[in-house]
Amino acid sequence: MTALREQGELVDVDRPVALELEVAKGLRKSASIAGPAFVFKNNGTPFPLVAGVYNSRAKALIAFQATEDEAFGKILNGLSNPIPPVLVDDAPVHENVIEGDDIDLSTLPVPKYSPNDGGPYITPGIVVSHDPETGIPDMGHYRFQIIDKNTMSFLAQPMHRFGKNLAKAVRLGQQTFRAALVIGVDPMLAYTCPIQATDDTNDFAVAGGLRGAAVELVKCRTNDVNVPARAEVVIEFEVQFANEVFEGPLGEYTGYYTPGSMKPIARVLAITHRNDAYFQALLTGVPPTENHTLKQLPFEASFFQMMRSQFPTIEKVAVPSSGGVSFYIVIAMRPRYSGEARAAILMAMGTNLRPKTVIVVDPDIDVNNSDQVEWAVAFRTQPSRDVILVDQLPAGPLDPSVSDDIPLDQRMGSALAIDATYPYGTDVRIAGSDEACGPSVAEHGHEFVMVADVPGWRDYDFPELRNRAP
């Protein structure tokens with residue numbers, strides 16, 4: 001927050017602002033222009049509400065303490081060099097402990113974001129849970145609806161680790177499962193949550209690698225879960241599998257409401273918080289929102305690392321917010337042999353991101369520029385040759401085009417892919433230049449394609465545009 005304030009990216013709002021819809025209106029308006037984050041001080045509760053801290057790429061770079069050119073490498077370096085967490089006995093998050101009859105969730109500034117939401121939702125909360133067999137900790141973002149003063153409910157996708165931990169607890173015959181919901185953390189913890197990792201990954205060690213320092217943890221007051229010692233607020237809870245309540249709907253990251261259904265309750269056992277703690281809000285809905293920005297860099301970097309292990313000529317990937325930072329992936333690569341782009345496509349379809357659309361382009365295409373990607377699709381493909389359809393794949397999470405009456409772990413879908421790379425061996429040149437921009441060299445060439453670009457424009461010194469350069 002201090003870093004944001006110093007760069008003019010955090011604004012205090014002292015006037016009264018209602019938690020029901022008004023906070024969301026302000027956040028949506030600011031997100032539309034990549035505007036500042038806010039502290040809503042007068043929200044009807046004892047806690048100031050900070051929101052919008054992830055609503056732009058610029059704020060993400062502030063959190064990573066990196067430039068655009070440095071961020072990707074910094075994430076990859078952190079993933080390769082995890083730092084184990086350290087356990088402490090005393091922590092700021094335990095300066096205030098609320099238990100028993102004193103628990104009252106209505107004292108927390110939890111907004112209602114969309115008109116048809118089932119109620120107020122904690123959307124930036126990080127669930128910390130342990131695998132009931134191995135004890136390996138996991139962090140992940142999950143939505144939690146406030147039901148009453150000491151009861152919540154939630155949605156945990158079956159392919160996510162919290163969902164897997166819950167399913168494993170049920171198989172082991174457990175009637176309950178204890179975990180913690182953490183609000184207000186070092187942003188590196190939040191940016192760690194979306195990273196694609198195996199089930200034996202200690203997420204706190206990954207977060208330590210990203211920050212370059214060990215995460216301090218402290219044991220919860222009512223269970224054995226270890227949570228960030230310097231978090232603002234922690235809600236310790238117990239999932240009761242036999243007791244269910246209607247949860248939802250919520251305007252989700254797809255831009256659509258996900259319908260409500262019966263879910264297990266999460267009974268609150270304790271609320272702990274720092275002195276003068278901040279609560280946090282996070283807008284989700286039609287892309288782009290801060291929910292999408294929060295996922296984008298971690299998804300891209302971890303997906304890149306995973307794909308490049310099999311396809312080392314992949315140069316860049318993009319997971320655009322327009323696809324909910326999940327359903328649409330663009331990959332730039334230089335194929336080493338015929339069909340390699342298709343092989344990369346099939347691997348991408350099989351990842352836990354579960355994309356519906358995968359486009360592979362040559363490295364001369366900027367994967368973050370939709371005009372360039374669409375140009376490659378328009379003029380480097382023939383649909384009968386380059387479009388791939390795969391049916392009967394596990395459906396992506398919360399896909400509104402899949403029937404809602406099918407259980408989450410049984411939903412199936414299909415995926416579309418476009419190989420927008422030149423056919424292997426094509427010799428591609430920029431008109432008026434000896435520079436090659438295609439995937440291979442002339443001696444392998446089946447044909448010669450000339451790009452009608454202006455050679456040397458990137459290095460041309462045009463003084464009148466110096467102050468306007470990105």
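A residue counts as buried when its relative accessible area is under 20%, as exposed when that value is over 50%, and as partly exposed in between. The exercises below apply to a predicted model.

**Exercise 1. Determine whether E232 and R274 are buried or partly exposed, and describe how they interact.**

Solution.
Step 1. E232 has a relative accessibility of 16% and therefore counts as buried.
Step 2. R274 has a relative accessibility of 23%, so this residue counts as partly exposed.
Step 3. The side chains of R274 and E232 meet in a salt bridge, with 4.0 Å from N to O.
Step 4. This pair links distant parts of the chain: R274 lies in the loop between β17 (261-273) and β18 (279-281), while E232 lies in the loop between β13 (226-228) and β14 (233-247), 42 residues apart.
Step 5. A network also occurs in the structure, in which salt bridges that share partners join R143, E247, E252 and K263.

**Exercise 2. State how many salt bridges the structure holds, and analyse the one between K41 and D12.**

Solution.
Step 1. The structure holds 24 salt bridges.
Step 2. One of them joins K41 and D12, whose closest N and O atoms are 3.9 Å apart.
Step 3. K41 belongs to the loop between β2 (37-40) and β3 (49-51) and D12 to strand β1 (residues 10-13), so the salt bridge ties together parts that are 29 residues apart in sequence.
Step 4. K41 has a relative accessible area of 43% and is therefore partly exposed.
Step 5. D12, with 31%, is partly exposed as well.

**Exercise 3. Locate the partners of the salt bridge between D199 and K164, and classify their accessibility.**

Solution.
Step 1. The closest N and O atoms of D199 and K164 are 3.1 Å apart.
Step 2. D199 is in the loop between α6 (187-192) and α7 (203-211), K164 is in helix α5 (residues 161-171), and the two are 35 residues apart.
Step 3. D199, at 38% relative accessibility, counts as partly exposed, and K164, at 31%, is also partly exposed.

**Exercise 4. Describe the surroundings of D138 and L181.**

Solution.
Step 1. D138 is found in strand β8 (residues 137-141), and its relative accessibility of 3% means that D138 counts as buried.
Step 2. Leaving aside residues up to four places away in sequence, D138 touches V127, V128, S129, R161, F162, N165 and D203.
Step 3. L181 is found in strand β11 (residues 176-183) and, at 0% relative accessibility, counts as buried.
Step 4. With the same sequence neighbours left aside, the contacts of L181 include I122, F144, M152, V233 and F237.
Step 5. L181 and E236 are 55 residues apart in sequence, yet their C-alpha atoms are 6.3 Å apart in space.

**Exercise 5. Identify the buried residues of helix α9 and the elements against which they pack.**

Solution.
Step 1. In α9 (residues 340-349), the buried residues are E340, A341, A344, I345, A348 and M349.
Step 2. These residues pack against helix α8 (290-308) and against β20 (328-333), β21 (357-361), β22 (387-394) and β23 (412-420).

**Exercise 6. Report how many cavities of 30 Å³ or more a search of the whole structure finds, and characterise their linings.**

Solution.
Step 1. The search finds two such cavities.
Step 2. The largest cavity has a volume of about 60 Å³, and its lining has six nonpolar, two polar and three charged residues. Among the lining residues are Q157, R354, P397 and D399.
Step 3. The second largest cavity holds about 50 Å³ of space, and its lining divides into seven nonpolar, three polar and no charged residues. Y54, H141, V182 and Q280 are among the residues of this lining.

Key:
Residues numbered from 1 in each chain as written. Predicted model: local features only at pLDDT ≥ 70, side-chain atom pairs only at ≥ 80, totals over all residues. Heavy atoms only, no water. Helix = DSSP H or I, 4+ residues; strand = E, 2+ residues; numbered from the N terminus. Buried < 20%, exposed > 50% of the residue type's maximum accessible area, 1.4 Å probe, protein only. Contact = heavy atoms within 4.5 Å. 1 Å grid on protein atoms, 1.4 Å probe; cavity = no way out; pocket = protein on both sides within 12 Å on 5 of 7 lines; lining within 4 Å. Points joined across faces, edges and corners; volume = space filled by probe spheres on them. Nonpolar A, V, L, I, M, F, W, Y, C, P; charged D, E, K, R; others polar.
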